[in-house]
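This report describes the fold and selected residue environments of one protein chain. The reader is invited to consult the sequence and the structure shown here.

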Amino acid sequence: MKKPELNITPFVDIMLVLLAILMVSISITTYEEKSITLPEGSKKTPAIKKATINIVITKDRKVLVNKQSLSFQNFLEEFNLKYSKFDKNSLVYIAADKEIKYADFMKIYAAVVKVGFTQIGLLTQ
């Protein structure tokens, strides 16, 4: 009496066909998602929450934090003294004049990060 043999070739063929169908259907689904139209939001409610701390850097390197002037040279120390007790999840918005040097902007940004604030937004026009 012969022992029965297990022939897996038809099983592998079926699995390869199913895999090919799956790959094609996934690529079609990806392209279909790109053509969706999102609904418009309510224009009455602003998307930006009111900031807790607003920082403005003028082109002549004056720094205003919530309309109070701070020294550009000692910004880290002064900012740390006045705002270290704030909740570190408070919103901080930084608005800088477009003519300010990148290094000057980064000094202020790095100081805010060093104090511990995590939610920092950059304002544009």
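The sections below proceed from the overall fold to the sheet, the aromatic residues and two individual residues.

## Overall composition

The structure is a predicted model. The protein chain contains three helices and five strands, and these elements follow one another along the sequence in the pattern α-β-β-β-α-β-α-β.

Of the 125 residues in the protein chain, 20% are buried. The accessible surface of the chain is about 10,500 Å², and carbon and sulfur atoms contribute 61% of that area. Among contacts with a separation of 6 or more, 66% are made by residues 24 or more positions apart.

## The sheet and helix α2

The five strands of the sheet are arranged in the order β3-β2-β1-β4-β5; the sheet is open and its pairing is mixed. Strands β3 (68-70) and β5 (119-122) each have a single partner strand, so each of these edge strands has one side without a neighbour in the sheet. On average, neighbouring strands are turned by 25° against each other, with direction ignored.

Strand β1 (residues 53-57) and strand β4 (residues 91-96) run parallel and are joined by five bridges. Within this pairing, Val 56 has Ala 95 of β4 as its bridge partner. Helix α2 packs on the sheet, where it touches β1, β2 (63-65) and β3. The direction of α2 makes about 140° with that of β3.

## Aromatic residues

Five aromatic pairs are counted in the model. In one of them, Phe 75 and Phe 79 have ring centres 5.2 Å apart and ring planes at 20°; the pair is classed as stacked because planes under 30 degrees apart meet that criterion. Phe 75 and Phe 79 both lie in helix α2 (residues 75-83), and their spacing of four residues corresponds to about one helical turn. Both Phe 75 and Phe 79 are buried.

A single aromatic cluster is formed by Phe 75, Phe 79, Tyr 83, Phe 86 and Phe 117. A charged group also adjoins one member of this cluster: the charged end of Lys 88 sits over the ring of Phe 117, at 5.0 Å from the ring centre.

## Asp 104, a buried acidic residue

Asp 104 belongs to helix α3 (residues 102-115). Its relative accessible area is 13%, so Asp 104 falls under the 20% cut-off and is classed as buried. When neighbours within four places in sequence are set aside, the contacts of Asp 104 are with Arg 61 and Phe 72.

## Lys 59, an exposed loop residue

Lys 59 is located in the loop between β1 and β2. With a relative accessible area of 53%, Lys 59 lies over the 50% cut-off and is therefore classed as exposed.

Which residues does Lys 59 contact, leaving aside its neighbours within four places in sequence? The contacts of Lys 59 are with Asp 97 and Glu 99. Lys 59 and Glu 99 are 40 residues apart in sequence, while their C-alpha atoms are 5.8 Å apart in space.

Notes:
Residues numbered from 1 in each chain as written. Predicted model: local features only at pLDDT ≥ 70, side-chain atom pairs only at ≥ 80, totals over all residues. Heavy atoms only, no water. Helix = DSSP H or I, 4+ residues; strand = E, 2+ residues; numbered from the N terminus. Buried < 20%, exposed > 50% of the residue type's maximum accessible area, 1.4 Å probe, protein only. Contact = heavy atoms within 4.5 Å. Areas by Shrake-Rupley, 256 points an atom, 1.4 Å probe, with all protein chains shown as cover. Phe/Tyr/Trp six-rings, centres within 6.5 Å; stacked < 30°, edge-to-face > 60°. Lys NZ or Arg CZ within 6 Å of the ring centre and 35° of its normal. Pairing = 2+ DSSP bridges. Axes fitted to C-alpha atoms, helices over the stretch in contact; angles between N-to-C directions.
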